[in-house]
Amino acid sequence: MPIIVNLDVMMAKRKMSSGELAEKVGISQANLSILKTGKAKAMRFSTMEAICKALDCQPGDILEYREQD
Amino acid sequence: MWNGEKSISLSKLCILLFMCLLVVTVAFAPWLTRWFLDFSRAELKGTEPFFLATIYAGFVPAAYLLYSLLRLLRRIEAEQVFTTENVERLRLISWSCFAGAGISFVSVFYYFPWVFVAVAAAFMGLIVRVVKNMVAQAVALQNEVDYTV
């Protein structure tokens with residue numbers, strides 16, 4: 001998938017653990033893992049909003065478009 | 001009170017009845033064929049081996065179809081409805097119908113009324129195929145929902 005989820009990078013920058021982020025966002029650790037591993041097919045605006053709030057960042061900091069060959 | 005569980009049990013019972021009917025038909029095929037040839041007014045002398053060949057050849061897709069239906073119902077009972085395994089099972093059921101239609105169609109050369117069985121089986125196969133396409137789309141939607149965070 002050409003959309004890359006850079007959640008790990010932002011979490012490292014903010015020094016936040018998966019458990020803490022999952023709790024702040026209100027999603028399970030399993031769903032957060034789906035996001036981090038790039039298995040997710042879609043992301044709700046409400047989830048994006050909660051992640052941006054928790055990590056104090058913009059959607060563009062988390063999502064990236066990379067063209068595939 | 002009638003519910004989904006009882007409905008599945010009824011379907012399973014019907015499949016088991018059809019399985020019994022199939023076994024009885026195959027076990028008594030020579031006797032049934034002779035009885036039919038004696039009973040029929042059509043000129044069918046010498047066609048007994050062909051009738052037996054059709055019945056024995058038709059047994060394979062019919063048995064596989066009934067077995068697949070039973071497996072499908074067991075999965076539905078376990079609440080595993082929109083899965084790729086069920087799509088594959090429906091595809092095999094559809095092909096079993098087409099195989100039965102093919103066998104019946106070949107049998108038309110010695111007994112024309114087999115054409116009605118062939119058309120009915122092919123039509124049934126077509127319906128199952130459309131249902132399979134629909135379930136495949138439902139599986140794709142289910143996957144999308146499962147991977148939406």
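This text leads through the two main pockets of a predicted model and then through the contact between its chains. Because the model is predicted, local features need pLDDT of at least 70 and side-chain atom pairs count only at pLDDT 80 or more, whereas totals for chains, interfaces and linings use all residues. Residues are numbered from 1 along each chain as its sequence is written, and chains are lettered from A in the order in which they are written.

The largest pocket (an open set of points on a 1 Å grid over the protein atoms alone, where a 1.4 Å probe fits, with protein on both sides within 12 Å along at least five of seven lines) has a volume, taken as the space filled by probe spheres set on the points, of about 910 Å³. Its lining, made of residues with an atom within 4 Å of a point, counts 31 residues, and Leu22(B), Gly58(B), Ala62(B), Trp114(B) and Val117(B) lie nearest the centre. Two or more lining residues come from each of α1 (4–27), α2 (29–39), α3 (48–77), α4 (84–107) and α5 (114–146) of chain B, these helices being DSSP runs (H or I) of at least four residues. The most is given by α3(B), with 9 residues. By class, the lining has 24 nonpolar, 7 polar and no charged residues, with Gly counted as polar.

The second largest pocket has a volume of about 270 Å³, and among its 13 lining residues Leu69(B), Leu72(B), Leu90(B), Ile93(B) and Val128(B) lie nearest the centre. Here α3, α4 and α5 of chain B each supply at least two residues, and the lining divides into 12 nonpolar, 1 polar and no charged residues.

Turning to the interface, the contact (heavy atoms within 4.5 Å) takes 5 residues from chain B and 11 residues from chain A. Together the two chains bury about 740 Å² (accessible area lost on being put together, with a 1.4 Å probe, summed over both), 67% of it on carbon and sulfur atoms. Tyr147(B), Thr148(B) and Val149(B) supply 85% of the area that chain B buries against chain A.

Methods. Side-chain values use heavy atoms; hydrogens and water are left out.
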